[in-house]
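The questions below ask how certain labels for this structure are justified. Each answer sets a value against its cut-off.

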Amino acid sequence: MFKIAASVLSADFSKLGEEVCAVTEAGSDWIHLDVMDGHFVPNLTFGPPVIKTLRPVTSLPFDVHLMIDNPDDYIGHYADAGADWLTVHAEILPHLHRTLQVIKEKGMHPGVSLNPSTPLSVLEYVMDDLDLVMIMCVNPGFGNQSFIPASLEKIRRLREMITAHGRDIQIEVDGGIKISNIATVAEAGANVFVSGSGIFGQLDYQATIELMKTKLKAVQDNT
Ligand code: DX5
Ligand code: ZN
């Protein structure tokens, strides 16, 4: 099942609530929230208090992407703020298995994000413990960067790993997803598509999301 996750990183932060409402009405399936700490990535955004204020604005699932050095210290805060999916980066977690267990215990779906240079092999022994794998198709930290072509092969291999494993694990792609490449990325095996500048950079959010979904439907009809 294909899903669009509008990333508010490219929204107008002076009216964040209105922007979340707008993409909800425009047909986004999830709301993607990028948490950055200025250490793990060279940028700063927001944390649980801001996410909590957005929670009453929409009933869409909150897909929280933690780009912070010490996520273990904050997992409970994101559950309290209303996160439904909580994704952590494999690169900074020596005890990834335990972190995923805690996310689950707190009632959220655990996800693991991999930077472009991180191999899929880090997932091998946690496949039973995650509900989502996020393939970063840019180096994390900023919106509106170009899609890294090598991501396509990584997505294909991940789809094979998941099929062989047998559990229903979402493949989310983050970075550089636009109307122009969404079908190619879907054909490679992704099923959740984060898009920030690809949606918020357009004047008509609804027309943009509809066109993305039309392209996804064509891929679905051909498979
Ligand atoms: C980047 C963030 C992305 C970002 C994607 O580090 O994780 O979620 O919003 O932005 P676009 O879609 O503009 O590449
Ligand atoms: Zn993200």
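Q: What makes D12 partly exposed rather than buried or exposed?
A: In this predicted model, D12 has a relative accessibility of 34%. Buried requires under 20% and exposed requires over 50%, so D12 at 34% counts as partly exposed.

Q: Where is D12, and how far from F200 does D12 lie in space?
A: D12 sits in the loop between β1 (3-7) and α1 (16-25). Its C-alpha is 8.3 Å from that of F200, although 188 residues separate D12 and F200 in sequence.

Q: Why is N144 called exposed?
A: The relative accessibility of N144 is 59%. The cut-off for exposed is over 50%, so N144, at 59%, counts as exposed.

Q: Which loop holds N144, and what is notable about its phi?
A: N144 belongs to the loop between β6 (132-136) and α5 (151-165). Phi of N144 is near 60 degrees, a positive value in a residue that is not glycine. Most residues other than glycine have a negative phi.

Q: Why is F147 called buried, given that F147 is found in a loop?
A: The label rests on accessible area. F147 has a relative accessible area of 17%; buried means under 20%, so F147 is buried. The loop in question runs between β6 and α5.

Q: What is F147 in contact with, beyond its neighbours within four places in sequence?
A: With those neighbours left aside, F147 is in contact with C137, V138, L152, G175, G176, I177, N181 and V185. For one of these partners, G176, the C-alpha separation from F147 is 4.3 Å, at 29 residues along the chain.

Q: How do you know whether I103 is buried or exposed?
A: I103 has 0% relative accessibility. That value is under the 20% cut-off, so I103 counts as buried. I103 lies in helix α4 (residues 96-105), and its contacts outside four places in sequence are I75, L86, V88, M108, H109 and P110. From the C-alpha of I103 to that of A218 is 35 Å, with the two positions 115 residues apart in sequence.

Q: What makes V112 buried or exposed?
A: V112 comes out at 0% relative accessibility. Since buried means under 20%, V112 counts as buried. V112 is part of strand β5 (residues 109-114). Apart from neighbours within four places, its contacts are T87, V88, A90, L96, L100, L123, L130, L132, V133 and M134. The C-alpha atoms of V112 and L9 are separated by 19 Å, and the two residues are 103 apart along the chain.

Q: Which members of the largest nonpolar core touch the most other members?
A: They are V64 and F193, in a core of 63 residues. Helix α8 (residues 205-221) gives this core its largest share, 5 residues. Not counting residues up to four places away in sequence, V64 touches L33, V35, I51, Y78, A83, W85, L86 and T87.

Q: What makes the second core separate, and which residues does this core include?
A: A core is a set of buried nonpolar residues joined through side-chain atoms within 4.5 Å. The second, separate core has 9 residues, including W85, M134, V138 and V194. In soluble globular proteins, nonpolar side chains tend to be buried together.

Q: How many helices and strands does the chain have, and why is the chain called as compact as a globular protein of its length?
A: The chain has 8 helices and 8 strands. Its radius of gyration is 16 Å, and the globule rule gives 17 Å for 223 residues; the two are close, so the chain is as compact as a globular protein of that length. The C-alpha trace spans about 45 × 40 × 30 Å along its principal axes.

Q: What share of the chain is buried, and what share of contacts joins residues 24 or more positions apart?
A: Of the 223 residues, 52% count as buried. Among contacts with a separation of 6 or more, 64% are between residues 24 or more positions apart.

Technical notes:
Residues are numbered from 1 along each chain as its sequence is written. Chains are lettered from A and ligands numbered from 1 in the order in which they are written. This is a predicted model: local features need pLDDT of at least 70, side-chain atom pairs count only at pLDDT 80 or more; totals for chains, interfaces and linings use all residues. Side-chain values use heavy atoms; hydrogens and water are left out. Helices (H or I, at least four residues) and strands (E, at least two) are DSSP runs, numbered from the N terminus. The radius of gyration is taken over C-alpha atoms; the globule rule is 2.2 Å times the number of residues to the power 0.38. Buried means under 20% relative accessible area, exposed over 50%, partly exposed in between (1.4 Å probe, protein chains only). Contact means heavy atoms within 4.5 Å.
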